[in-house]
Amino acid sequence: MTAQGDRWTAEQVLDLAPDDASRKAGGRLGGAGPWLQIGGSASGSVWGVCKGSGSKPYRTVVDLAGPAYKCSCPSRKFPCKHALGLLLLWSAEGVGEPGEAPEWAAQWLADRAAKAARPAGGRAAPVDEEAARKRAERRAARVGAGVTELEQRLADLLRGGLAGQEQAGYAGWEETAARMVDAQAPGLAGRVRELGTIPSCGPGWPARMLEEAALLHLLDRAWLGAAGLPEELAATVRSRVGLPASGEGEAVRDRWLVLAQYDTVSPDGRLTTRRIWLRGSAGGRPALVLDFGPPGRPPGLALPVGLVLEAEMRFRPGSAGLRADLGERFAAAVPCTEVPAGVSTGAALEAYGAALREDPWLESWPVVLGPVVPIPGELGWQLADAEGTSALPVSLTGGGRSRGGLWQLAALSGGGPVTVFGECGHRGFTPLTAWQPGSTEPVALS
């Protein structure tokens, strides 16, 4: 976090929390908290004044380049809930136009800058690229130590067996996640927390836990051997570990069709994630735009399905070339007058396999199937090629989908072929949007 234009997601902010209580308290302050004043600077700092339990409000300031925190509250937690709440506000929508910091915040920031510029001899020296390189090396060393510790945790898990994980509880995994936050690897912390919730997720959890543990082990080994990886794959590894992207991604201007939009809520209710899938009309390139909402607030970005907008997408390095930020728009959005071209189920699997070579931790790949026919069976629903003998199983584990969406799809089909957009993953295909033959009107599947 070096400037207000490079904001973290709410999930990355909450991964900085020292414990679960701090995440919940910070989430409340990042929603409708009692903030009396908030502000920020173009150079990369935010500050706020929050009404506390006493007569004197608390003053909070965050240097985004660290990040580093200063708060007048008596909490011994680092960062405190006020710093987390302020960062959540900043990550969601910024803190207004950049302005001059109040004296109390400006003094602390100036002291930090002076200390950073002062070598051991006490004489001031300019901050240079060499200093930045050394900071990056120190962070890489901390991440490496965290990865080594996590590898030992996974080895202990397999040595002791998975059967006892239901009785072991979640506390041990939360402690491991906190250690990953200390190691400045929020991406690893998030995956560890997800791993710890699997034993309470119903039948078949041991197989799912083994799969996720294997993927986490693969990410650990990739980080330790990142120097020998191709640059694109190394960028993906850094992104998955939780390091901010280095350098500018590719900017692509096109007419982008909104294929799907849906929200998911984290298990603890502290984060709403909105996923918006788009596809370029000229190049056919898919793009995934994410937006986040803290507790009590929906994400701010909304792009209705079926609209086409002429805009620039700024793709982030890594992430299999999917993750993008919506840039400048050049015209008003208009309804699409065409149904997107679909591919066969075999081509969909090939596309997903090719994406996995770039990002082995990718959960799914966006695909438009068509024409396909939804078919129920003893082992569940399938989407079968209208012309051919191949089919994909339908999965309900992604996108917050329910069985109602399947019956909605079957009703649209009426036993005939349809065009369907969805996410193709290792558990099957999750349908999100469908088009009836002869109609350009998309139907979002609930």
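This report walks through a predicted model of one protein chain, starting with the overall layout and then visiting a few spots up close.

## The chain at a glance

The chain has 446 residues, and 46% of them are buried. Its secondary structure comes to 12 helices and 16 strands.

How much of the contact pattern joins residues far apart in sequence? Take the contacts between residues at least 6 apart in sequence: 61% of those join residues at least 24 apart.

## A hairpin early on

Let's begin with strand 3, residues 58–63, and strand 4, residues 68–71. These two run antiparallel and are joined by four bridges. Together they make a hairpin, with four residues sitting between the strands. One of the bridge pairs matches Val 61 with Lys 70 in strand 4. Strands in a sheet pair up through backbone hydrogen bonds, and the pairing can be parallel or antiparallel.

Strand 3 is also home to Val 62. Is Val 62 buried or exposed? Val 62 counts as buried because its relative accessibility is 0%, and the cut-off for buried is under 20%. Setting aside residues up to four places away in sequence, Val 62 touches Gly 44, Ser 45, Val 46, Ala 68, Tyr 69, Ala 83, Leu 86, Leu 87 and Trp 108. Val 62 and Ala 105 are 43 residues apart along the chain, yet their C-alpha atoms are separated by 8.8 Å.

## An exposed leucine

Now for a contrast. Leu 36 is part of strand 1, which covers residues 35–41. Its relative accessible area is 57%, so Leu 36 is exposed, the cut-off being over 50%.

Exposed or not, Leu 36 still has company: beyond residues up to four places away in sequence, Leu 36 touches Val 49, Cys 50, Lys 51 and Pro 57. With Lys 51, the separation is 15 residues in sequence and 6.6 Å in space, going from C-alpha to C-alpha.

## Two helices to look at

Helix 5 spans residues 129–160, and Gly 146 is found in it. Gly 146 has a relative accessible area of 4%, which means that it is buried. Apart from neighbours within four places in sequence, Gly 146 is in contact with Met 180 and Ala 183. Gln 184 lies 38 residues from Gly 146 along the chain, and the C-alpha atoms of the two are 8.4 Å apart.

Helix 10 covers residues 231–241, and its buried residues are Ala 234, Ala 235, Thr 236, Val 237 and Val 241. In an α-helix, residues three or four places apart point the same way, since there are 3.6 residues a turn. What covers the buried residues of helix 10? The cover includes helix 5, helix 8 (186–197), helix 9 (205–224) and helix 11. Just after helix 10 comes Gly 242, with a positive phi of about 120°.

## A pocket and a nearby strand

Next up is the second largest pocket, which holds about 290 Å³ of space. It is lined by 14 residues, and the closest to its centre are Leu 257, Ser 281, Cys 336, Glu 338 and Pro 340. Sorted by class, the lining has seven nonpolar, four polar and three charged residues. Strand 5 (251–265) and strand 6 (272–280) each put at least two residues into this lining.Thr 273 belongs to strand 6. With a relative accessible area of 14%, Thr 273 is buried, because the cut-off is under 20%. Leaving out residues up to four places away in sequence, Thr 273 touches Tyr 262, Asp 263, Thr 264, Leu 290, Asp 291 and Phe 292.

## The six-stranded sheet

Further along the chain there is an open sheet of six strands, paired antiparallel in the order 13-12-11-14-15-16. Which strands sit at the edges? They are strand 13 (391–393) and strand 16 (443–444), and each pairs on one side only.

Inside this sheet, strand 11 (residues 364–375) and strand 12 (residues 382–385) are antiparallel partners over four bridges. One of the bridge pairs puts Ile 375 opposite Gln 382 in strand 12. Helix 11, residues 345–358, lies across strand 11, strand 12, strand 13 and strand 14 (418–425), and runs at about 165° to strand 11. Helix 11 is also among the helices that cover the buried residues of helix 10.

Key:
Residues numbered from 1 in each chain as written. Predicted model: local features only at pLDDT ≥ 70, side-chain atom pairs only at ≥ 80, totals over all residues. Heavy atoms only, no water. Pairing = 2+ DSSP bridges. Contact = heavy atoms within 4.5 Å. Axes fitted to C-alpha atoms, helices over the stretch in contact; angles between N-to-C directions. 1 Å grid on protein atoms, 1.4 Å probe; cavity = no way out; pocket = protein on both sides within 12 Å on 5 of 7 lines; lining within 4 Å. Points joined across faces, edges and corners; volume = space filled by probe spheres on them. Nonpolar A, V, L, I, M, F, W, Y, C, P; charged D, E, K, R; others polar. Buried < 20%, exposed > 50% of the residue type's maximum accessible area, 1.4 Å probe, protein only.
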